[in-house]
Amino acid sequence: MTKNICIIPARGGSKRIPKKNIKLFCGKPLIAYSIETALKSGLFDKVLVSTDSEEIAKVAKMYGAKVQKRPPELADDYGSTWDVIDYVLAKLEEEGERYDYICTIYATAPFLQVKYLKEGYEKLKNSDACRSFAVTTMPFPIQRTFKITKDGRCQMFQPENYFKRSQDLEEAYQDAGQFYWEKVGCKSEDIFFGKDSIPIVLPRHLVQDIDTMEDFKRAELMYKALHDCI
């Protein structure tokens with residue numbers, strides 16, 4: 001029987017938004033949304049939060065997740081998400097636990113929906129790809145973007161596209177920062193945003209990075225508007 005695990009990395013040292021992962025978001029700790037959606041999906045044999053924080057661990061358990069403490073070297077500004085995932089899996093394997101599919105869900109994903117999690121799993125399971133993850137469209141054609149030069153003027157990255165209509169330019173996508181499915185044992189030499197990954201396209205109104213307080217407030221307004229309208 002196929003075994004799946006959801007891993008939610010959640011370190012305690014957020015600097016731009018102190019205690020971001022457990023900061024109240026529309027009345028609930030932010031991480032609670034990711035835990036609840038993962039559990040509600042019924043896709044996982046285990047939903048596990050990896051953290052260095054006792055406060056986060058307490059909240060995670062309160063909302064139904066298992067907790068694994070991570071070492072200090074994986075809790076600083078330089079430890080990557082993938083290092084954390086490797087550590088979690090290695091520790092579980094030492095305890096005799098092995099999984100066929102891993103889904104990494106960010107602790108800052110209050111817009112995460114079960115149907116997209118399921119879509120990511122089904123499409124990956126029924127393919128020869130190694131990964132699937134949430135993406136969304138860019139709000140503006142990247143071919144018409146520009147930078148500000150050292151002397152304070154504008155310079156287009158692709159000036160040949162200045163006179164082209166937006167609808168004639170190719171659609172571009174970005175990582176939605178919500179979930180990342182991986183098939184255990186699937187070998188790929190390509191980057192994550194490459195040929196061995198399946199994009200699961202989300203509407204833009206369900207995507208918002210939460211890195212600053214401005215992001216946080218914007219996300220709350222979006223969430224309230226979305227749920228007031230349903």
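Is lysine 195 buried or exposed? Lysine 195 is exposed, with a relative accessibility of 68%. Keep that residue in mind as you explore this predicted model, since it returns below with its partner.

## A pair of neighbours in the chain

Lysine 195 has a salt bridge with aspartate 196, and their side chains meet at 3.5 Å from N to O. The two partners sit in contrasting surroundings: lysine 195 is exposed at 68% relative accessibility, whereas aspartate 196 has a relative accessible area of 14%. Aspartate 196 counts as buried because 14% falls under the 20% cut-off.

## Other charged pairs

Side chains of opposite charge can pair when their charged atoms come close. In this model the count of salt bridges comes to 10, and two further examples are worth finding on the structure.

Start with lysine 28 and glutamate 36, whose side chains form a salt bridge of 2.7 Å, N to O. Lysine 28 is partly exposed, with 23% relative accessibility, and glutamate 36 is partly exposed as well, at 31%.

Then look at helix H4, which covers residues 114-125. Here the side chains of glutamate 122 and lysine 125 meet in a salt bridge, with 3.5 Å from N to O. How far apart are these two residues in the helix? They are three residues apart, so about one helical turn separates glutamate 122 from lysine 125. Glutamate 122 is partly exposed at 36% relative accessibility, and lysine 125 is partly exposed too, with a relative accessible area of 34%.

## The seven-stranded sheet

Strands of a sheet pair through backbone hydrogen bonds, either parallel or antiparallel. This model has an open sheet of seven strands with mixed pairing, and you can trace the strands in the order S5-S4-S1-S6-S10-S7-S11. Which strands stand at the edges? They are strand S5 (66-69) and strand S11 (197-202); each has a single partner strand, so one side of each is left without a neighbour in the sheet. On average, neighbouring strands of this sheet are turned by 30 degrees against each other, with direction ignored.

## A closer look at one edge

The partner of S11 in the sheet order is S7. Strand S7 spans residues 131-137 and runs parallel to S11, with six bridges joining the two. To find your place along this pairing, look for serine 132, which stands opposite isoleucine 198 in S11.

Definitions and conventions: Residues are numbered from 1 along each chain as its sequence is written. This is a predicted model: local features need pLDDT of at least 70, side-chain atom pairs count only at pLDDT 80 or more; totals for chains, interfaces and linings use all residues. Side-chain values use heavy atoms; hydrogens and water are left out. A salt bridge is a side-chain nitrogen of Lys or Arg within 4 Å of a carboxyl oxygen of Asp or Glu. Buried means under 20% relative accessible area, exposed over 50%, partly exposed in between (1.4 Å probe, protein chains only). Helices (H or I, at least four residues) and strands (E, at least two) are DSSP runs, numbered from the N terminus. Two strands pair if DSSP finds at least two bridges between them. Axes are lines fitted to C-alpha atoms, for helices over the stretch in contact, and angles run from 0 to 180 degrees between N-to-C directions.
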